[in-house]
Amino acid sequence: MKELDYKAIGKRIREARRAQKLTQEEAAERCDITSSFYGNVERGDKKMSLETLAKISRGLSVSADVLLFGSSASSSEMLSDLQEELRRAGDETQVEKYLLIIRQLSKIIDQL
């Protein structure tokens, strides 16, 4: 498994903060961590725990996946994963029900 790039993670955290027009101090307060530690995380100078990652993710309203890897899984990847999960977990009738729900949700979203 490839090691985490804390500098890149810190850069993504900084970008998320700046997109919300927050200072480091404001972001640190939202994330319930000290501003000095928050600054170290943004610079990639300090490794953070999973708990701290969760606090930052919640505080900045950005998925941990985006902070860790730069983007969430693509829609097609997510659909493929869901399709495979449904195949393993359910019978054909259940899969058809899920598809019906997805189609109905799609129609509702199109109307928004």
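A salt bridge is a side-chain nitrogen of Lys or Arg within 4 Å of a carboxyl oxygen of Asp or Glu. The exercises below concern a predicted model, in which local features need pLDDT of at least 70 and side-chain atom pairs count only at pLDDT 80 or more, while totals for chains, interfaces and linings use all residues. Residues are numbered from 1 along each chain as its sequence is written, and side-chain values use heavy atoms, with hydrogens and water left out.

**Exercise 1.** Determine which parts of the chain the salt bridge of R14 and E42 ties together.

*Solution.*
1. The N to O distance between the two side chains is 3.5 Å.
2. R14 belongs to helix α1 and E42 to helix α3, so the salt bridge ties together parts 28 residues apart in sequence. Helices (H or I, at least four residues) are DSSP runs, numbered from the N terminus.
3. E42 is buried, at 1% relative accessibility, where buried means under 20% relative accessible area, exposed over 50%, and partly exposed in between (1.4 Å probe, protein chains only).
4. R14, with 21%, is partly exposed.

**Exercise 2.** Locate the partners of the salt bridge between D32 and K55, and classify their exposure.

*Solution.*
1. The closest N and O atoms of D32 and K55 are 3.9 Å apart.
2. D32 sits in the loop between α2 (24-31) and α3, whereas K55 is in helix α4, 23 residues apart.
3. D32 is exposed, with a relative accessible area of 56%; K55 is partly exposed, with 22%.

**Exercise 3.** State how many salt bridges a search of the whole structure finds.

*Solution.* The search finds 5 salt bridges.

How values were computed
Helices (H or I, at least four residues) and strands (E, at least two) are DSSP runs, numbered from the N terminus.
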